[in-house]
Structure formats: C-alpha cells, structure tokens
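Thanks for coming, everyone. Let me put the structure up, and then we can walk through it piece by piece.

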Amino acid sequence: MDFGLLIDSLAEGLFLFDTRARLIRINPSGERILGRSFKTVAKKAADDVFGDSPELGEMVKASLGENRAVVHSDLAVSVPEGKTVNLSVSVSPIQEPDGT
C-alpha cells in the first residue's frame, strides 16, 4: 500500500512532526486549513506553523513531551483571512514497534 497516497487522500488535515516538534509532512487538507503550502512551513516548529493558534503548538509539544495523546473536541482555531473555525484536534505520538 502507498501510505503517501493514503495520507494525501484524507479529508482531514494531517500534520506530522518530528521529536523536536518540527513539521516534516502535511497533507493537502492540512495545507487548506493553514492556507499555506508545505514548502512554506517545512521543518518549522509547531509554534511557528500554528502561529495564529498557539494552543495547537502547545498540544503538539505536550503530546511529545508527555508521550501521550492529547485530544480537544471543539477548539476555536484562527485560519487564513481572519476567520475562526471550530475543529476537533487529536495529537498522538507515533512510536516504534518496541515502544520507543
């Protein structure tokens, strides 16, 4: 299975961060939410990626720092053009098969 195609086909925005909370992948739906292309935010810190919505960057850092899922079911998020939308946000660390 081509996981890249799967990720790019998701209707939900998907943002993948490394262990230092730097963006390493975003799908087209995520680009639409941000209003920016992956090229403009690649390898940037979560706080910089979600600058207008700092609570998203905090969720990424909390998930990575505490090695646990962080879920917020109704989060008001600023999007391009000054609009605010309510999103369900789930942040989960991805672990290797050995749990690391």
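Start at the front end. L6 belongs to helix α1, which covers residues 3-9. Is L6 buried or exposed? Neither, quite: L6 is partly exposed, at 40% relative accessible area. Keep in mind that this is a predicted model. L6 also joins M1 and F3 in a nonpolar patch on the surface, about 390 Å² in area.

Now go inside. How many residues does the largest nonpolar core have? It has 17. Six of them have the most contacts inside that core: F17, V49, F50, L56, M59 and V60. Which elements supply at least two core residues each? There are two helices on that list, α4 at 46-49 and α5 at 54-66. There are also three strands: β2 at 23-26, β3 at 70-79 and β4 at 83-91.

Pick out F50 on your screens. Set aside the neighbours within four places in sequence. F50 then contacts F15, F17, L34, L56, G57 and V60. Three of those names, F17, L56 and V60, you just heard among the core residues with the most contacts.

Next, a serine in a loop. S53 sits between α4 and α5. Its relative accessible area is 3%, so S53 is buried. What does S53 touch, beyond residues up to four places away in sequence? The partners are V77 and S78.

There is a second serine to look at, this one in a helix. S29 lies in α2, residues 28-34. S29 is buried as well, because its relative accessible area is 5%, and the cut-off for buried is under 20%. Look at the side chain. One of its polar atoms lies 2.9 Å from the backbone oxygen of L10. For the backbone oxygen of A11, the distance to a polar atom of the S29 side chain is 3.0 Å. Skipping residues up to four places away in sequence, S29 touches L10, A11, E12 and G13. So that is a serine in α2 touching a run of residues from L10 to G13.

On to charges. Side chains of opposite charge can pair when their charged atoms come close. How many salt bridges does the structure hold? Four. I will take you through some of them.

First up is D47 with K61, where the closest N and O atoms are 2.7 Å apart. Why call it a tie between parts of the chain? Because D47 is in helix α4 and K61 is in helix α5, the pair links parts 14 residues apart in sequence. Both ends are partly exposed: D47 at 33% relative accessible area, K61 at 34%.

K61 has another partner. E58 forms a salt bridge with K61, and the closest N and O atoms are 3.1 Å apart. This pair stays within helix α5, three residues apart, about one turn of the helix. E58 counts as partly exposed, at 45% relative accessibility. Put the two bridges together and you get a network linking D47, E58 and K61.

Now move along to R68. Where is R68? Look in the loop between α5 and β3. R68 forms a salt bridge with E66, with closest N and O atoms 2.4 Å apart. The two side chains are also joined by a polar contact of 2.4 Å. How covered are these two residues? E66 is partly exposed, at 45% relative accessibility. R68 is partly exposed too, with a relative accessible area of 40%.

R68 also meets residues from elsewhere in the chain. Leave out the neighbours within four places in sequence, and R68 contacts S63, V91 and P93. Take P93. It is 25 residues from R68 in sequence, yet the C-alpha atoms are 6.5 Å apart.

Let me recap. The largest nonpolar core has 17 residues. S53 is buried in its loop position, and S29 is buried in α2. D47, E58 and K61 share a salt-bridge network. R68 pairs with E66 and contacts P93.

That is the tour. Questions, please.

Methods. Residues numbered from 1 in each chain as written. Predicted model: local features only at pLDDT ≥ 70, side-chain atom pairs only at ≥ 80, totals over all residues. Heavy atoms only, no water. Core = buried A, V, L, I, M, F, W, Y, C linked by side-chain atoms within 4.5 Å. Buried < 20%, exposed > 50% of the residue type's maximum accessible area, 1.4 Å probe, protein only. Helix = DSSP H or I, 4+ residues; strand = E, 2+ residues; numbered from the N terminus. Contact = heavy atoms within 4.5 Å. Patch = residues over 30% accessible without salt bridge, like charges linked within 9 Å, V, L, I, M, F, W, Y side chains within 5 Å. Areas by Shrake-Rupley, 256 points an atom, 1.4 Å probe, with all protein chains shown as cover. Salt bridge = Lys/Arg side-chain N within 4 Å of Asp/Glu carboxyl O. Polar contact = N/O pair within 3.5 Å; in protein donor to acceptor, adjacent residues only side chain to side chain.
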